[in-house]
Amino acid sequence: MSSTNLLQLSLLLPLLALVGIQFTARRENLRESVSLVAASALFVVVAQLYQPLLAGQTIAVHWIDVLPGLALAFRVEPLGLMFALVASFLWIITTLYAIGYMRGHGERNQTRFFSLFALSIAAVMGIAFAENLFTLFVFYEILTLCTYPLVTHAGTDKARQGGRVYLSILLGTSVGFFLLAIVATWLLAGTLSFQPGGIFSPETSVALLSVLLVLFVFGVGKAAIMPFHRWLPAAMVAPTPVSALLHAVAVVKAGVFVLLKVCLLIFGIDTLKSIPATEWLLYLAGASILLASIVALRQQNLKKRLAYSTVSQLGYITLGALLATSAGMTGSALHIVMHAFGKITLFFCAGAILVAAHKTEVGELRGLGRQMPVTMTAFFVASLCIIGIPPTGGTWSKWYLMLGTFEAEQWILMALLMVSSLLSIAYLLPIPLRAFFSRNPDLQNTPTSDGATVIKEAPLPSLIALGVTAAGCIYLLLFPNAFYQLIKAGI
């Protein structure tokens, strides 16, 4: 099959999965098999684009001209392929996890969940392979709309309120800022196509470029830069597989990927360095990292603590992109990958704890390591990945981000990254350590009628999923080269 056909298939496979899920809605085993097969097939298809792209082959497809100069068109470029590989692989693992979680937790509307998940992945593939800002914006909005019902999946008043915050912030920022930035870019540059080195001429006013950069940074609300971050904690009312989708597979990763792509392929590194707004936006990203870490430290609800941790970690990616250095861009792109594996593992563990132990508060997890050793070991490994220390892949992304601050001579930001890492240690590591090394009489004295312990590990599919992603955190320390080659080819 030609590379062009593989690109077409990667865009259509999630939609075919959606149709298959609807046709098998009444047979849950078959429905979930369709999801797993489609997810696996998508990863295989996307992976086959790797070698042709690195060999210099142009892989592009043009769907339709909406208006003169505005086309729905797609092209495979290195950073987009990196994002697509991560998202398609984690679709497999999240589907496997969701099978155990949705059944174990007795969730309703499971067919709707798997259908919307497939539609979300279709939108992610559109974002990853978008040839221009117009195509990217279309799929960016589709992703917002198709994840809204997932956020409100529970149907409670709290879920609907969380959904309203989610939708209002993401649509408000994209229509109020992002769309305006795209229109202004078209007027200034005469094109919306992504190009290495950027698309603006040297004569373009730096004042106008500063305004544009601000509009893009605030317009991509999915990147959760403060003060447009509230939708992320609000969306934690969703089932845990949805939280994993939001934090690792699709939504927030789409946001920071879009920002990275705009910085690199719309502005370009040299232009970014010349824009006055870049400096204060860097410090805004730094403030977002630090403040979110402090707020995370104060959260007792486990999913909310992880949500604010995500806000902080997204700040790392935004900061790396705005440093406008090769090392900073490399660290930013690598952190998309490393954070995806680390954070999805943490949310898988949170969901496993909810299903098996019915615990949601950090203080309730003392001693839980004796009942759920696999889950809490995975939590420990993923925590190390988010912190950025061996033996996990997060070490590489944090290393390049530190190098980026060194290259840019941003000593305050370098110190801020160190402080934030210490805060990450403070709000993550005590959870697994207390689970293993503290005693909790409430957990040890809760026998069933036959004398067996109530709390045990989560259902096997969920346990396999969190084990795979935790192993992935370690694998990425030893074998990061596949992603590193893509990133170096794209920068």
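## Backbone exercises: unusual bonds and angles

In this predicted model, Ala-224 has a relative accessibility of 0% and is buried. Let's work through the backbone from here.

**Exercise 1.** Find out where Ala-224 lies and what sign its phi has.

*Solution.*
- Step 1: Locate the residue. Ala-224 sits in the loop between α8 and α9.
- Step 2: Read the backbone angle. Phi of Ala-224 is positive, at about 60°, although the residue is not a glycine.
- Step 3: Set this against the general rule. Most residues other than glycine have a negative phi.

**Exercise 2.** Decide whether Glu-409 is buried or exposed, and describe its phi.

*Solution.*
- Step 1: Glu-409 belongs to the loop between α17 and α18 (411-428).
- Step 2: Its phi is near 60°, a positive value in a residue that is not glycine.
- Step 3: Exposed means over 50% relative accessible area. Glu-409 has 58%, so it is exposed.

**Exercise 3.** Work out which form the peptide bond from Met-226 to Pro-227 takes, and where Pro-227 is placed.

*Solution.*
- Step 1: Look at omega. For the bond from Met-226 to Pro-227, omega is near 10°, and the bond is cis.
- Step 2: Recall the general pattern. Most peptide bonds are trans.
- Step 3: Place the proline. Pro-227 is in the loop between α8 (206-219) and α9 (231-234).

**Exercise 4.** Now do likewise for the bond from Pro-390 to Pro-391.

*Solution.*
- Step 1: With omega near 10°, the peptide bond from Pro-390 to Pro-391 is cis.
- Step 2: Pro-391 is found in the loop that lies between α16 (373-387) and α17 (394-407).

Definitions and conventions: Residues numbered from 1 in each chain as written. Predicted model: local features only at pLDDT ≥ 70, side-chain atom pairs only at ≥ 80, totals over all residues. Heavy atoms only, no water. Helix = DSSP H or I, 4+ residues; strand = E, 2+ residues; numbered from the N terminus. Buried < 20%, exposed > 50% of the residue type's maximum accessible area, 1.4 Å probe, protein only.
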